[in-house]
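Me: I'm new to this one and I keep tripping over the labels people put on it. Can we look at it together and go through what stands behind them?

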Amino acid sequence: MIERARAQDVPAAADMLAEAFSTDQIAAYFFGGTPAERRPLVREFFDILMSARLALDAPVFLAKRDGHIEGAVMGNDTTRPDWLPEQAARWSRFETKQEGLVERFNWQEEVVNRFKPSRPHYYIGVLGVHPSCQGKGIGAALINRFCATSDADKASSGTYIETANPLNTNYYQRLGFEPAGEADLDATTRLWTL
């Protein structure tokens, strides 16, 4: 069942996303180290992002079964308001936890912005499904719900997504996304936008 996330969902959703992204290329790019070493940073990263987006009433959806969170999708709608002071302060503190983190975040954002649509659109910044639940259609259901929300918004021209996993590009294209551009984040990590 896909539903809108609530503030009380954040801890469990952040835990699930940390599991989903512990071996992902983008998490390795941002935080380095082994999956076990970066897991606490990945968890905090998602906790901050989800809390900020919920505070701004941005689109955040969860896939739940029997009270357990199996997947999550979140991003921005066409308005992209500034974060509230509490979330902005948490983010500023988070960025000091690792040398070079600000630069890596800024470079990733620059690449994403380079290829984004010129017209107002929705942006999927995070899509994750718990490893034990992958391959069951949960990711597609989450994307479809997010895109349906974008489609219902007359101000939106569509949905934009990015990935550092080359296997995801074919998956997203099967769901109707078209390639927009790609660029290297570093010597080992490439980012594709659709």
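**Labels and what backs them**

Reply: Let's start with a loop: Asp-66 sits in the one between strand 2 and strand 3 (68–76). Keep in mind that this is a predicted model.

Me: Why is Asp-66 called exposed?

Reply: Its relative accessible area is 72%. Exposed means over 50%, so Asp-66 gets that label.

Me: What makes the phi of Asp-66 worth a mention?

Reply: It is near 55°, a positive value in a residue other than glycine. Most residues other than glycine have a negative phi. Asp-57 is another case, with a positive phi of about 60° although it isn't a glycine either.

Me: Where is Asp-57, and is it buried or exposed?

Reply: Look in the loop between helix 3 and strand 2 (60–65). The relative accessible area of Asp-57 is 59%, so with a cut-off of over 50% it counts as exposed.

Me: Why is Pro-117 called partly exposed?

Reply: Pro-117 has a relative accessible area of 31%. Buried would need under 20% and exposed over 50%, so Pro-117 lands in between, as partly exposed. You'll find Pro-117 in the loop between helix 5 and strand 4. Its C-alpha atom is 8.8 Å from that of Gly-158, with the two positions 41 residues apart along the chain.

Me: On to helices. Why are helix 3 and helix 4 called roughly antiparallel?

Reply: Their axes cross at roughly 160° and come within 10 Å. Angles over 145 degrees count as roughly antiparallel, and therefore helix 3 and helix 4 get that name. The crossing is left-handed.

Me: Which residues make the contact between helix 3 and helix 4?

Reply: On the helix 3 side they include Leu-41, Phe-45, Ile-48 and Ala-52, while helix 4 brings Gln-87, Arg-90, Trp-91 and Phe-94. Sorted by class, this contact has eight nonpolar, two polar and three charged residues.

Me: And why are helix 1 and helix 3 called oblique?

Reply: Helix 1 (residues 10–21) and helix 3 (residues 35–55) pack at about 135°, with axes 8 Å apart. That angle is not over 145 degrees, and it is outside the 65 to 115 range for roughly perpendicular, so oblique is the label that fits. Helix 1 passes helix 3 in a right-handed crossing.

Me: What makes up the contact of helix 1 with helix 3?

Reply: Among the residues from helix 1 are Val-10, Leu-17 and Phe-21, and helix 3 adds, among others, Arg-39, Phe-46 and Leu-54. By class the contact divides into 11 nonpolar, one polar and five charged residues.

Me: How do helix 4 and helix 5 pack, and at what angle?

Reply: Helix 4 (residues 85–95) and helix 5 (residues 101–115) pack at about 115°, with their axes 9 Å apart. Trp-91, Phe-94 and Glu-95 of helix 4 meet Leu-101, Val-102 and Phe-105 of helix 5. That contact has five nonpolar residues, no polar ones and one charged.

Me: How many aromatic pairs are there?

Reply: The count comes to 20.

Me: What makes Tyr-122 and Phe-146 an edge-to-face pair?

Reply: Their ring centres are 6.0 Å apart and the planes are at 80°. A pair needs centres within 6.5 Å, and planes over 60 degrees apart count as edge-to-face, so both conditions are met. The pair links distant parts of the chain: Tyr-122 is in strand 4 (residues 122–129) and Phe-146 in helix 6 (residues 138–152). Tyr-122 and Phe-146 are both buried.

Me: Which rings are linked into a cluster?

Reply: Ring pairs join Phe-21, Tyr-29, Phe-30, Phe-31, Phe-45, Phe-46, Trp-83, Trp-91, Phe-94 and Phe-105.

Me: How far is Tyr-29 from Arg-190?

Reply: They are 161 residues apart in sequence and 9.7 Å apart in space, C-alpha to C-alpha. Arg-190 lies in strand 7. Its relative accessible area is 27%, between the 20% and 50% cut-offs, so Arg-190 is partly exposed.

Me: Last one: why does Ala-187 count as exposed?

Reply: Its relative accessibility is 85% and exposed means over 50%, so the label follows. Ala-187 is in the loop between strand 6 (181–184) and strand 7 (190–193). The C-alpha atoms of Ala-187 and Tyr-29 are separated by 9.9 Å.

Notes
Residues are numbered from 1 along each chain as its sequence is written. This is a predicted model: local features need pLDDT of at least 70, side-chain atom pairs count only at pLDDT 80 or more; totals for chains, interfaces and linings use all residues. Side-chain values use heavy atoms; hydrogens and water are left out. Axes are lines fitted to C-alpha atoms, for helices over the stretch in contact, and angles run from 0 to 180 degrees between N-to-C directions. Helices (H or I, at least four residues) and strands (E, at least two) are DSSP runs, numbered from the N terminus. Angles under 35 degrees count as roughly parallel, over 145 as roughly antiparallel, 65 to 115 as roughly perpendicular and the rest as oblique. A crossing is left-handed if the near helix is turned anticlockwise from the far one by less than a right angle, and right-handed if clockwise. Contact means heavy atoms within 4.5 Å. Ala, Val, Leu, Ile, Met, Phe, Trp, Tyr, Cys and Pro count as nonpolar, Asp, Glu, Lys and Arg as charged, and the others, Gly among them, as polar. Rings of Phe, Tyr and Trp (its six-membered ring) pair if their centres lie within 6.5 Å; planes under 30 degrees apart count as stacked, over 60 as edge-to-face and the rest as tilted. Buried means under 20% relative accessible area, exposed over 50%, partly exposed in between (1.4 Å probe, protein chains only).
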